[in-house]
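Please open the model in your viewer and follow the stops below in order, selecting the residues as they are named. Each stop says what to pick and what is found there.

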Amino acid sequence: MLSLSAEGILPRIDYAIFADTGWEPKAVYSHLDRIQREIAEPAGIPVLRVATGNIRKDALDPAHRFASMPLYILNKDGRPGMTRRQCTGEYKIKPIKKQVREILGYPYPERIPKGIFVEQWVGISTDEFHRAKDADVAYMHNRHPLILDMDWSRADCTSYLESRGLADTPKSSCLGCPFHGNQQWRNIRDHSPEEWADVVAFDAAIRAGNARANASGNPLLGQAFLHRSRVPLDQAPIDHVTAREWAQRQAALDTHAAGERLKELEDGVADGCSPWACRGDQQQPEQEQGDFGLTA
Ligand code: SF4
């Protein structure tokens with residue numbers, strides 16, 4: 001959308017905002033630098049980088065309130081669960097709203113008069129029109145130009161990026177996001193040993209829950225994992241879908257849903273953490289979601 005706007009195909013935007021969780025892959029930060037330098041700056045579009053902290057550091061800091069990531073839990077009695085996802089709200093939506101209020105001239109907690117709002121573009125393509133949602137505040141009106149103005153599918157977006165020399169656009173998400181599919185985990189392991197060591201170390205560090213909950217005598221009654229198999233990441237079956245997993249999925253789901261589920265296992269949750277367009281909350285409905293003492 002930034003490039004379409006810079007080219008004049010879409011109307012000129014006033015700002016582009018990047019919400020930084022502090023733990024994106026190196027490739028995302030380099031790409032951001034590149035599009036800022038090559039596309040945004042020549043077009044006079046400011047790129048605002050906003051943040052509320054560093055998600056990795058905060059999760060391991062006993063003194064910090066932990067906005068829970070969607071971790072996979074194995075309870076003591078063997079029941080699987082997931083922690084509620086609070087991180088998108090804390091590390092993405094919150095700093096974006098703060099920035100938007102400042103742009104409008106009404107920093108929190110000032111009341112924003114009725115009728116004062118920004119138009120916020122959210123990049124959802126036609127294949128996922130059902131994810132197009134309104135913002136939850138009156139001072140932001142969501143618009144989805146890839147659907148409304150361009151009528152573009154994901155493939156159309158990819159072709160456009162290729163035509164502009166941006167074929168290597170990486171997917172933005174935290175390096176250790178539990179929404180990753182096996183393909184993303186393999187990609188980190190096989191192409192970025194340093195980042196793999198980083199996520200494996202983080203996975204081990206959150207096994208007993210978050211640092212603050214443990215420090216305050218509210219330990220996790222079970223174990224937490226980044227990979228959906230609930231196995232330590234460096235031993236998780238990221239190279240293939242096991243026959244058992246396949247059989248379990250087949251038994252539990254109808255054919256179409258099983259296919260979707262297996263795709264997700266490989267590719268991850270599609271755009272799992274896109275603010276205002278997240279499917280993540282609908283994942284694994286068969287599993288209990290809760291705080292598991294992790295949200296101290
Ligand atoms: S990318 Fe994953 S871990 Fe990071 S904020 Fe989004 S849901 Fe949370």
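**Overall view**

Begin with the whole protein chain as a cartoon: this is a predicted model, and the chain contains eleven helices and eight strands. Colour by burial next, and buried residues will account for 29% of the 296 residues in the chain. If you draw a contact map of the protein chain, 66% of the contacts between residues at least 6 apart in sequence join residues at least 24 apart.

Before going into detail, colour by confidence: the mean pLDDT of the protein chain is 87, and 84% of its residues reach 70 or more. Select residues 279-286 in that colouring, where the pLDDT is below 50, although this stretch has 14 contacts in the model beyond near neighbours in sequence.

**Around the ligand**

Select the ligand and the 15 residues around it, of which Cys87, Ser173, Cys174, Cys177 and Cys273 come nearest. Sorted by class, this shell consists of nine nonpolar residues, five polar residues and one charged residue. Which helix gives the most residues to the shell around the ligand? Helix α4, spanning residues 87-104, does so with three residues.

**The nonpolar cores**

Hide the ligand and turn to the largest nonpolar core, a set of 32 residues in which Ile55, Leu71, Val199 and Ala224 touch the most other members. To see where the members come from, highlight α3 (55-59), β3 (72-75), α4, α7 (182-191), α8 (193-205) and β7 (222-225), the elements that each give two or more residues to this core. The largest share, four residues, is supplied by α4, the helix that also gives the most to the shell around the ligand. In soluble globular proteins, nonpolar side chains tend to be buried together.

Centre the view on Val199, which, leaving aside neighbours within four places in sequence, is in contact with Leu175, Gly176, Ile188, Leu226 and Leu233. Then select Ile13, Ala40, Trp121 and Trp276, which are included in a second, separate core of eleven residues.

**Two sides of a helix**

Isolate α7 and pick Asn182, Trp185 and Ile188, which are buried. Looking down the axis of α7, you will find that its buried residues fall within an arc of 130 degrees, so they line one face of the helix. Rotate to the face of α7 turned away from this buried side, and the exposed residues Gln183, Asp190 and His191 appear there.

**Backbone details in loops**

Most residues other than glycine have a negative phi, and most peptide bonds are trans. With that in mind, show the backbone from Tyr108 to Pro109, where the peptide bond is cis, with omega near 5 degrees; Pro109 is found in the loop between α4 and β5 (118-121).

Move on to Asp151, a residue other than glycine with a positive phi, near 55 degrees, in the loop between α5 (145-148) and α6 (154-163). Is Asp151 buried or exposed? Asp151 has 10 other C-beta atoms within 10 Å, and is therefore exposed.

Arg230 also has a positive phi, here near 60 degrees, and is found in the loop between β7 and α10 (243-252). Arg230 counts as partly exposed because 18 other C-beta atoms lie within 10 Å.

**Pairs distant in sequence**

For the last stops, use the distance tool on C-alpha atoms. Select Arg34 in helix α2 (residues 26-43), a residue that is partly exposed, with 14 other C-beta atoms within 10 Å. The C-alpha atom of Arg34 is separated by 9.9 Å from that of Leu166, which is 132 residues away along the chain.

Next choose Ala213 in helix α9 (residues 211-215), which counts as buried because 21 C-beta neighbours lie inside 10 Å. A distance of 8.8 Å separates the C-alpha atoms of Ala213 and Arg65, which are 148 residues apart along the chain.

Finish in strand β5 at Gln120, which is partly exposed, with 18 other C-beta atoms within 10 Å. Leaving aside neighbours within four places in sequence, Gln120 is in contact with Ala135, Met140, His141, Asn142 and Arg143, while the C-alpha atoms of Gln120 and Pro145, 25 residues apart along the chain, are separated by 10.0 Å.

Note on methods. Residues are numbered from 1 along each chain as its sequence is written. This is a predicted model: local features need pLDDT of at least 70, side-chain atom pairs count only at pLDDT 80 or more; totals for chains, interfaces and linings use all residues. A residue is near a molecule or strand if its C-beta atom, placed from the backbone, lies within 6 Å of it. Ala, Val, Leu, Ile, Met, Phe, Trp, Tyr, Cys and Pro count as nonpolar, Asp, Glu, Lys and Arg as charged, and the others, Gly among them, as polar. A nonpolar core is a set of buried Ala, Val, Leu, Ile, Met, Phe, Trp, Tyr and Cys residues joined through C-beta atoms within 7 Å. A residue is buried if 20 or more other C-beta atoms lie within 10 Å of its own, exposed if 12 or fewer, and partly exposed in between; C-beta atoms are placed from the backbone. Two residues are in contact if their C-beta atoms, placed from the backbone, lie within 7 Å. The arc is that of the directions from the helix axis to the C-beta atoms. pLDDT is the predictor's confidence in each residue, from 0 to 100.
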